[in-house]
Amino acid sequence: MEVYHAGSRAVQDLVGVREDADHVGRAVGEGIKPVAAAFLELQPLLVLGAADPATGAVWASPLTGAPGFVRATGPRQMSVTGGVPPTDPLATALATEGTQVATIALDPRTRRRMRLNGRLRPTARGFAVTAERVFSNCPRYIQRRQSYEVVADRSPGQARRGSELTDVQREFVESVDTFFIATVHGGEVEVSHKGGNPGFLQASSPHELTWRDYPGNAMFLTLGNIALDPRAGLLFVDWSTGTVLQLTGEARTEFGEDAERRVRFTVREVVETPAAVPLRWSAPEYSPANPASAD
């Protein structure tokens with residue numbers, strides 16, 4: 001199994017971390033180990049990335065349920081009970097046999113995250129994913145949230161769609177400490193977590209977002225995809241109100257001195273759904289890895 005393609009290798013070489021990437025890449029496997037299976041069954045939230053089979057637009061979506069709604073049902077199979085509402089941009093993708101998907105289970109309580117990518121198969125109760133790539137990431141830039149509650153009377157509001165960010169949406173984006181990004185290359189998908197202190201992400205206009213790519217695990221799976229295919233989708237979740245903001249568009253990476261990296265994302269479509277996630281999390285304890293000031 002090849003862990004890296006030409007895009008990831010090009011970024012690794014530019015930054016000078018190929019050997020580090022090779023070391024980290026040895027932890028990537030196709031099977032779901034018992035410790036990973038146990039982790040999945042504790043999670044109330046799963047983020048999924050895919051391309052819309054009709055338009056090719058890339059999106060990231062949140063899926064929620066009582067712990068156990070995501071579970072390993074075989075050494076290489078993850079099953080999910082439920083799905084996304086019909087108004088979600090990935091509703092068609094999750095109902096289509098063979099859709100290539102990427103998932104990330106992130107637990108703010110323990111600052112752990114696990115990624116599983118593979119091919120989707122709809123089932124009577126939701127869908128299953130045949131795992132092709134499974135690995136965990138370090139806790140860097142994950143904000144700790146000690147607990148969550150399920151808001152029983154919370155129900156999703158009507159989805160609002162647009163082609164640019166409103167002033168309120170721009171304020172929200174600039175206040176977040178966490179978001180998720182889905183990217184693609186050659187039919188394969190990645191979805192990853194980005195975190196920092198509020199202000200690390202800037203909405204420079206209704207059509208553009210920018211952020212500095214902080215040093216990570218040296219794999220450059222996301223930036224490697226972007227180097228070869230600019231399509232990307234961003235997901236923002238309000239950890240208190242459950243409001244979900246989903247964006248699709250194109251991303252590009254700018255490299256500065258000492259291989260400093262800044263990503264620019266051009267907004268093509270916006271979907272905002274109030275109260276879409278029934279979880280309300282406690283206030284964050286910011287990661288000690290976050291840079292001290294917004295950049």
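How many bridges join strand β1 to β2, and in which direction do the two strands run? I began my entries with this point, keeping in mind that the model I was reading is a predicted one.

**Entry 1: the strand pair.** I looked up β1, residues 45-51, and found that seven bridges join this strand to β2, the two running antiparallel. To have one position to check by eye, I picked L46 in β1 and noted that its bridge partner in β2 is L63.

**Entry 2: the sheet around the pair.** I then followed the pairing outwards and wrote down an open sheet of seven strands in the order β2-β1-β5-β6-β7-β4-β3, with antiparallel pairing. The edges are held by β2 (58-64) and β3 (70-74), each of which has a single partner strand, so one side of each is left without a neighbour in the sheet. I also noted that neighbouring strands of this sheet are turned against each other by 35 degrees on average, with direction ignored.

**Entry 3: helix α1 against α2.** Turning to the helices, I looked up α1 (residues 6-15) and α2 (residues 18-25), whose axes come within 8 Å and cross at roughly 130 degrees. Angles over 115 degrees and up to 145 count as oblique, and α1 and α2 are therefore oblique to each other. On the α1 side I listed R9, Q12 and D13, which meet R18, A21 and D22 of α2. Sorted by character, the residues of this contact are one nonpolar, one polar and four charged.

**Entry 4: helix α1 against α6.** Which residues of α1 meet α6? I found A6, G7, S8 and V11 on the α1 side, and L221, L223, G224, A227 and L228 on the α6 side. Here the residues of the contact divide into six nonpolar, three polar and no charged. The axes of α1 and α6 (residues 221-228) lie 7 Å apart, and the two helices pack at an angle of about 110 degrees. Because angles of 65 to 115 degrees count as roughly perpendicular, that is how I recorded the relation of α1 to α6. For the handedness of the crossing of α1 and α6, I wrote down right-handed.

**Entry 5: how covered is α6?** Finally I asked how many of the eight residues of α6 are buried. The helix is mostly covered, with six of its eight residues buried, and I listed these as L221, T222, L223, G224, N225 and I226. Going back to the contact with α1, I marked L221, L223 and G224 as residues of α6 that take part in it and that are also buried.

Conventions. Residues are numbered from 1 along each chain as its sequence is written. This is a predicted model: local features need pLDDT of at least 70, side-chain atom pairs count only at pLDDT 80 or more; totals for chains, interfaces and linings use all residues. Side-chain values use heavy atoms; hydrogens and water are left out. Axes are lines fitted to C-alpha atoms, for helices over the stretch in contact, and angles run from 0 to 180 degrees between N-to-C directions. Helices (H or I, at least four residues) and strands (E, at least two) are DSSP runs, numbered from the N terminus. Angles under 35 degrees count as roughly parallel, over 145 as roughly antiparallel, 65 to 115 as roughly perpendicular and the rest as oblique. Contact means heavy atoms within 4.5 Å. Ala, Val, Leu, Ile, Met, Phe, Trp, Tyr, Cys and Pro count as nonpolar, Asp, Glu, Lys and Arg as charged, and the others, Gly among them, as polar. A crossing is left-handed if the near helix is turned anticlockwise from the far one by less than a right angle, and right-handed if clockwise. Two strands pair if DSSP finds at least two bridges between them. Buried means under 20% relative accessible area, exposed over 50%, partly exposed in between (1.4 Å probe, protein chains only).
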